[in-house]
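Welcome, and please load the model in your viewer. We will go from stop to stop, selecting a few side chains at a time and looking at what is there.

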Amino acid sequence: METLRTRVSARLGAIVVAGTVAAVVLAGCAAEADPVERAKAQVSAKEKAVAEAQTELTTASGAFCGASKDYIEALDSYGDVLNDTAPTVGDVRNAGADLAAPRQDVVDSAEAAVTANQALYDAQQELVDAQVALAEAEAGPTGTPTEPAPAEPSSTPLAPTASVERVKQAESDLASAEASITDDTPLKDAAEQFNSAAVALEMAWLALFADAGCLTDEQAVQAEAAVRAYTSALQQDLLVAGYYTGTVDGVYGPLTVQAVEDLQKAAGLPVTGTVDKATAEALQAKLAELGGAAAQESVATTAAIQQTLKLVGFWDGPVDGVWTPELTAAVQAFQTELGVEPTGTVDAATIVAFEKAISDLQEAATAPTPSPSSSDG
């Protein structure tokens, strides 16, 4: 009997243990099979994938900006290769050879950035799909999702298509300029062809560099002010030379491009719409041809603006005829005081407002002063 009792107890204990283990296993299987928990796990995994893809894109974008900076600096050096030396035609033909390495680096980094951007888009799309699946699982087979469907991701290019196409065209133009130079090409023509193409390519890359977000906010503001100041001075010179008919507004728009192209055509230079060394010299020669007064009008105009701002307390810098970002800021502050749009350039609205302010001051100064009455004594 004792033996039988022992055997029965042992058997019952084994059954209890087996039942406990089975319950645990079944509970685990039930948890694994729960569609809501499985969907939540998918969402977590996809969120992690998006974060990793974003990190990869940030790294790739940084590499592209670094490679772009190196390439622009190389272009800048080769754009001026003829300025401080006495090269031969052979030198000009080979001047772009050292651009090959930085050009390949920037192309490779651009492709890597584009690939990383696409990978981020794909990861975001997979996350949206996982979020939709979770909402459906939580709603059940006949329920309605409690949350609105997440927005579909949009594939945003790293830079505007127009900027990229402009760079591609400028790269092609530089390659054509290099290929067209032979040992029989006159040195002057070879220099002008290469320099103009290199400067045009550099300008295109500078625009792409900014459009791709490679500048900090502060750098972007400084760059915009510098470009506006340079363009205003250029427009003034082109206006005096008779090539520009628009407003001196600091915007390098179609009228400015057309004016530069007209100047280049008149001077027999490669027509690019950008100002390289030969174009700048042609413009100065045209101003000198018009006479000393015309040649100095641009500087005199800037100096007059500086002097005017100094008199009204908005400029404490030198009166030297040199337009700087600080002068642009001073003009903007003065425009704000006058109640006109602070463009940083002396446009028609600014002149009208200034003339009105001067007129008001003159009227106040010449207004008769009331005579004191006997009771004032």
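One definition before we set off: a residue counts as partly exposed when its relative accessible area lies between the limits for buried, under 20%, and exposed, over 50%. Keep in mind also that this is a predicted model.

**First stop: a bridge between two helices**

Select Lys46 and Glu126. Their side chains form a salt bridge, with the closest N and O atoms 3.3 Å apart. Lys46 belongs to helix α2 (residues 35–79) and Glu126 to helix α4 (residues 100–139), so this pair ties together parts that lie 80 residues apart in sequence. Now switch on the surface. Lys46 has a relative accessibility of 22% and therefore counts as partly exposed. Glu126, at 40%, is partly exposed as well.

**Second stop: bridges within a helix**

How many salt bridges does a search of the whole structure find? The total is 4, and two of the others are worth a visit here.

Stay on helix α2 and select Lys69 with Glu73, 4 residues apart and separated by about one helical turn. These side chains meet in a salt bridge at 2.7 Å, N to O. With relative accessibilities of 44% for Lys69 and 40% for Glu73, each falls in the partly exposed range.

Next, move to helix α5 (residues 161–180) and pick Glu165 and Lys168, which sit 3 residues apart, again about one helical turn. Here the closest N and O atoms of the salt bridge are 3.9 Å apart. The relative accessible area of Glu165 is 43%, so this residue is partly exposed.

**Third stop: rings**

Now colour the aromatic side chains. A pair of rings is described by the distance of the centres and the angle of the planes. The structure holds 3 aromatic pairs.

Begin with Tyr71 and Trp205: their ring centres are 5.5 Å apart and their planes stand at 85 degrees, so the pair is edge-to-face. Tyr71 is in helix α2 and Trp205 in helix α6 (residues 187–211), and the pair links parts of the chain 134 residues apart. Are these two residues buried or exposed? Both Tyr71 and Trp205 are buried. Add Phe64 to your selection, and you have one aromatic cluster made of Phe64, Tyr71 and Trp205.

Then jump to Phe314 and Phe334, a tilted pair with 5.2 Å from centre to centre and 55 degrees between the planes. Phe314 lies in the loop between α10 (292–311) and α11 (325–338), and Phe334 in helix α11, so the pair ties together parts 20 residues apart in sequence. The partners differ in accessibility: Phe314 is partly exposed at 26%, whereas Phe334 is buried at 9%.

**Last stop: two crossing helices**

Finally, show helix α8 (residues 254–267) and helix α9 (residues 277–289) as ribbons. Their axes come within 10 Å and cross at roughly 85 degrees. That angle makes α8 roughly perpendicular to α9. To see the contact, select Val260, Leu263, Gln264 and Ala267 on α8, together with Thr279, Ala282 and Leu283 on α9. What is the make-up of this contact in nonpolar, polar and charged residues? It divides into 5 nonpolar and 2 polar residues, with no charged ones.

How values were computed
Residues numbered from 1 in each chain as written. Predicted model: local features only at pLDDT ≥ 70, side-chain atom pairs only at ≥ 80, totals over all residues. Heavy atoms only, no water. Buried < 20%, exposed > 50% of the residue type's maximum accessible area, 1.4 Å probe, protein only. Axes fitted to C-alpha atoms, helices over the stretch in contact; angles between N-to-C directions. Parallel < 35°, antiparallel > 145°, perpendicular 65-115°, else oblique. Contact = heavy atoms within 4.5 Å. Nonpolar A, V, L, I, M, F, W, Y, C, P; charged D, E, K, R; others polar. Phe/Tyr/Trp six-rings, centres within 6.5 Å; stacked < 30°, edge-to-face > 60°.
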